[in-house]
Amino acid sequence: MNNFEKFKNFFTNAGKGDMGEGNVLKTLINLSVPSIAMVLFHSFFHLVDTVFISWLGEVQMIAISYTFPVQIGLFAILEGIGNGLAALVAHKLGESNNDDAQKITSSGIALAYLLSLLWLPLMFPSFSNSFFSLLGASDPRILHQAWLYNMWAPPMYIFISFTFVANTIFRCQGNTVIPLKSFLIANGANLILDPIFIFIFGWGITGAAVATMIGRILGVLFLIEKLREHSALKVSFIPNIKSFMLPYWKKIIKVGLPVTITTGSVALGMGSVNRIITGTFGPQAVAAWMLGMRIEDIVLGSLMGINDALVPFLAFNYGRKDKARMKKALRSAFIISAGVTGLIGMLIGFFPLPIIAIFNPTREIALLASQALRITLAGYPLVIYIIIYNSLFVATGHSIYGTIAQVSRSVILRIPAVHFLAKVVSINNIWWFQPISFAGASLITAFYGNRLIKKIEIDEDINDVF
């Protein structure tokens, strides 16, 4: 077989893999490539909105920066449900228990819809203004623009919830290419409609939210069709609430709640950092950090894509009690993460200003964002270690270990570090709070990771949680 045929076969098989048999590294690469692309396209949603909104002016750009923690809060809940489903469903499939896997699937979509109702108050301007004031926004113009963008969020979250659950179910069956295609459709629509609604129709920041909603709806319609054709497990867009769901909700929450707390702590920590940076250095510093965070999403997205492929793979083989295959998966994930993340990280680190320029920031904000990016990227080798071991924690039902590490990073270590650095260093060096918090979290991860692996090696924890 020549190189062209190998290249062609790789892309033909990308997104598909037998989680119980075959070469582990090759299978994880096949599953990870579409997963990485999918997470990156998920970040691309917000990146596209940020680019077009930044062209409206500095007020709109600062407003969208303050809405970032809200988006993280939503995805904290959905990632908890998604990771809980991935661990439980893949585990049941590994045991060849398809009946329980289907019940868990039906329970998951109902639970996701129920929890999405938490965001309804954001539709009302009084609540929205109070909420963003807590995050440090005070200018009435900024508060109004933040509400105009977020008022569309609550109804859109129903479609996002369905997308999360459907994509998880495909990943559990060794298929990551269909979730990728759904994001391509959604992102394509958003990219086309954003400039039309924002500038041609003159809807401003509201146009970005409407374009995103339409893109999400189109992605859901695609997933509904593919679930009917290619999934052994069925997900109905309008679920029937059944009596059997409550026990499964408890199991999903037991595994997923620590993940939600983990991601939610990022929103809490980010909101607290926003307040400190705003009070010390002004709103331009917050805008710079948020621009840096949007770009850092590209690096983190590659890692989360690998995580999305790794969790069901580990859970499936945990259900089969195949410890050797689990170990190979962890080693393979480190190899893939180092290659992909290292390449993207170096590109961003060496050429931050051309990338930042697409947001059309002022020179002051661009230089600050560039400095924030370069300092933060220094800690990303530690992030690889943290995220891969967090995949093991979730897959084995011990997600609380990852929560302890991540909450320490986002809140317990990060906030005091920001407070201290804000008093003793200039704005150019305040960003060292990121590598400092990464280092502390990696030490906590190492402690719990070694402890869990020792238990698994002597069969003490195999299938215990499930």
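Visitor: What volume does the largest cavity have?
Guide: About 1,000 Å³. Keep in mind that this is a predicted model.

Visitor: Which residues are closest to the centre of that largest cavity?
Guide: Val39, Glu79, Thr263, Leu300 and Met304 are the closest to its centre, out of 40 residues that line the cavity.

Visitor: And which helix gives the most to that lining?
Guide: That's H11, with eight residues. H11 runs over residues 283–319, and it's one of the elements that give two or more residues to the lining. Others include helix H2 (24–54), helix H3 (58–94) and helix H10 (245–281).

Visitor: How many of the lining residues are nonpolar, polar or charged?
Guide: For the largest cavity, you get 18 nonpolar, 15 polar and seven charged residues.

Visitor: OK, how many cavities does a search of the whole structure find?
Guide: Four, counting those of 30 Å³ or more. The second largest has about 140 Å³ of space.

Visitor: Which residues lie nearest the centre of the second largest one?
Guide: His46, Gln71, Tyr149, Met156 and Thr212, from a lining of 15 residues. By class, that lining splits into nine nonpolar, four polar and two charged residues.

Visitor: Which elements give two or more residues to that second lining?
Guide: H2, H3, H6, H7 and helix H9 (205–230). H7 gives the most, with four residues.

Visitor: You mentioned H6. Is helix H6 mostly covered or mostly uncovered?
Guide: Mostly covered: H6 spans residues 140–150, and eight of its eleven residues are buried.

Visitor: Which ones are buried in H6?
Guide: Ile142, Leu143, Gln145, Ala146, Trp147, Leu148, Tyr149 and Asn150. You've met Tyr149 already, as one of the residues nearest the centre of the second largest cavity.

Visitor: New topic: the surface. Which residues make the nonpolar patch?
Guide: Leu114, Leu117, Leu120, Met123, Phe124 and Phe127 make a nonpolar surface patch of about 560 Å².

Visitor: Where does Phe124 lie?
Guide: In the loop between helix H4 (98–116) and helix H5 (125–134).

Visitor: And is Phe124 buried or exposed?
Guide: Phe124 counts as exposed because its relative accessible area is 53%, and the cut-off for exposed is over 50%.

Visitor: Back to the largest cavity for a sec. Which other helices give two or more residues to its lining?
Guide: Besides the ones I named, there are helix H7 (153–172), helix H15 (380–395), helix H16 (399–424) and helix H17 (433–457). H7 also turns up in the lining of the second largest cavity.

Terms used:
Residues numbered from 1 in each chain as written. Predicted model: local features only at pLDDT ≥ 70, side-chain atom pairs only at ≥ 80, totals over all residues. Heavy atoms only, no water. Patch = residues over 30% accessible without salt bridge, like charges linked within 9 Å, V, L, I, M, F, W, Y side chains within 5 Å. Areas by Shrake-Rupley, 256 points an atom, 1.4 Å probe, with all protein chains shown as cover. Salt bridge = Lys/Arg side-chain N within 4 Å of Asp/Glu carboxyl O. Buried < 20%, exposed > 50% of the residue type's maximum accessible area, 1.4 Å probe, protein only. 1 Å grid on protein atoms, 1.4 Å probe; cavity = no way out; pocket = protein on both sides within 12 Å on 5 of 7 lines; lining within 4 Å. Points joined across faces, edges and corners; volume = space filled by probe spheres on them. Nonpolar A, V, L, I, M, F, W, Y, C, P; charged D, E, K, R; others polar.
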